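User: I'd like a close look at one part of this model, with the numbers spelled out.

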Amino acid sequence: MAEKLPCHDTSSDEDSSDDDVSNELLRQLLQLKIGADKSNTDQEDLPKVLEELSVDGIVKYIKAGKATKIITMAGAGISTSAGIPDFRSPGTGLYDNLEEYNLPSPQSVFDIEYFKEHPEPFFKLAKSLWPKDKKFQPTVCHRFIKLLHVKGLLLRHYTQNIDSLERSAGLPEELLIEAHGTFHTSHCTSCSKTYSQEFIEGEMAKDSIPTCTDCNHVVKPDIVFFGENLPSKFFTHVQSDFEHCNLLIIMGTSLTVQPFARLIDRVPKTCPRLLINLEKVGVSSGSGLDFLSRILSGVQSGGLDFDSEKAYRDVAILGTCDEGCESLANALGWKDDMDKLSTEGTTRPESGPEENSTNKL
Ligand code: CNA
């Protein structure tokens, strides 16, 4: 029997009983929510994960050997210094430079339904990004990620990028999750025949729409368009990777594309999170609110928190990814290792079918 609340005495018996049940349910829900939320966010319950909430704190944490399972999460901003524009940077981002394609919206160029009817704008854009005679080179940031692997600290690299520069930097396939696919391979949109990056580049160089040599349908690079599923490799690794992560490094992304952006909340509460970006992103609007205000306002508690009084594990290096990674490497005493990687050069693995290439759409 539901407990009757003291103020509830004016309704008829029947109404009163219904209201009692509703009130009790609401009370229990709030209690559960408050209890759960409180246990998640009370700073007293959390161990002090960083000696100090700063880049120095992160450096000390790594030097102390606590960052043994680092996950790096990246976006277009790690490749802009290689000459590839991102989506959303005002002025230089792709979304500000698509007028010539007469698209219904900037996003249409990566919309699968639009592509099926009008593949031309996508390939025209792709050609401008991947001119045949110009090979983009991995950046300092890509080398830093590789160095984390060389040092045995990298659990996995999750990228939204489709430029394959992580592969060029020599990151092993098993450490790489290309969440939004890759240009590395392509498939016929009808019979699924696999094609190499070189095939697509060759067709684009001739200004042709790549078509299947068997059935003549359009061949589409294995990048994930809006409206398509992410590769199965993403989902199979997310579950086990993030719960074991003990340092999350987020670089060059606006954290606006889901489900990728939400990954930042999947690491344990004790895992420090370092953002290296031109601007602060992924900051929860609810991070400055106490738990009751969040429940009442409906604002969620996820997201990064650099500045509120509850901030305890999120640190930002604001600037370019290359500068941020370089200064971090220097502070860690890894300058020689970085230099060595840059003189060793990079590798571009042979094209071949992806483990997850059949899972587009
Ligand atoms: P975005 O939304 O364009 O955001 C880029 C973020 O990086 C912004 O916050 C910028 O301020 C920041 N940024 C830009 N340049 C730098 C820099 N040099 N140093 C530090 N920060 C910088 O791109 P997201 O990756 O967040 O969006 C996801 C989309 C973009 C994915 O679906 C990608 O496929 C897509 N994309 C990929 C590429 C690529 O593969 N290189 C290029 C363009 C777009």
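Is Phe235 buried or exposed, or something in between, and what is its relative accessible area?

Analyst: Phe235 is partly exposed, with a relative accessible area of 48% (buried is under 20%, exposed over 50%, partly exposed in between; 1.4 Å probe, protein chains only). Before going further, keep in mind that this is a predicted model, where local features need pLDDT of at least 70, side-chain atom pairs need 80 or more, and totals for chains, interfaces and linings use all residues. Numbering runs from 1 along each chain as its sequence is written, and side-chain values use heavy atoms, without hydrogens or water.

Phe235 belongs to helix α8, residues 232–244 (helices are DSSP runs of H or I with at least four residues, strands E runs of at least two, numbered from the N terminus). Follow its C-alpha to that of Ile177 and you cover 9.7 Å in space, although the two residues sit 58 apart in sequence.

Phe235 isn't listed in the aromatic cluster, which ring pairs build from Phe87, Tyr95, Phe110, Phe115, Phe122, Phe123, Phe183 and Phe225 (Phe, Tyr or six-membered Trp rings pair with centres within 6.5 Å; planes under 30 degrees apart are stacked, over 60 edge-to-face, the rest tilted). The structure holds 15 aromatic pairs. One of them joins Phe115 and Phe122 edge-to-face, with 5.6 Å between ring centres and 85° between the planes. Both Phe115 and Phe122 are buried.

Phe87 takes us from the cluster to the ligand: 27 residues surround that molecule, and the closest are Phe87, Arg88, His180, Ser254 and Glu279 (near means a heavy atom within 4 Å). A polar side-chain atom of Arg88 comes to 2.4 Å from a ligand oxygen. Asn277 also puts a polar side-chain atom by an oxygen of the ligand, at 3.0 Å, while Gly252 offers a polar backbone atom at 3.3 Å from a ligand oxygen. Taken alone, the ligand exposes 860 Å², of which the protein buries 94% (Shrake-Rupley, 1.4 Å probe).

Now for the backbone oddities. The Gln258 to Pro259 peptide bond is cis, with omega near 5°, and Pro259 is in the loop from β7 (247–251) to β8 (273–277). Ser192 isn't a glycine, yet its phi is positive, at about 70°. Ser192 lies between β4 (181–188) and β5 (194–196), in the loop there, and its 46% relative accessibility makes it partly exposed. Asn216 also has a positive phi, near 70°, without being a glycine. You'll find Asn216 in the loop that joins α7 (197–205) to β6 (219–223); with 57% relative accessibility, Asn216 counts as exposed.

One more loop is worth a stop: the one between α9 (291–297) and β9 (314–318), where Ser308 is found. Ser308 has a relative accessible area of 18%, so it is buried. From there, the Ser308 side chain reaches the backbone nitrogen of Lys310 at 3.0 Å.

Back to where you started: Phe235, on helix α8, is partly exposed at 48%, whereas Phe115 and Phe122 are buried.

Technical notes
A polar contact is a pair of N or O atoms within 3.5 Å; within protein, one must be able to donate a hydrogen and the other to accept it, and residues adjacent in sequence count only if both atoms are side-chain atoms.
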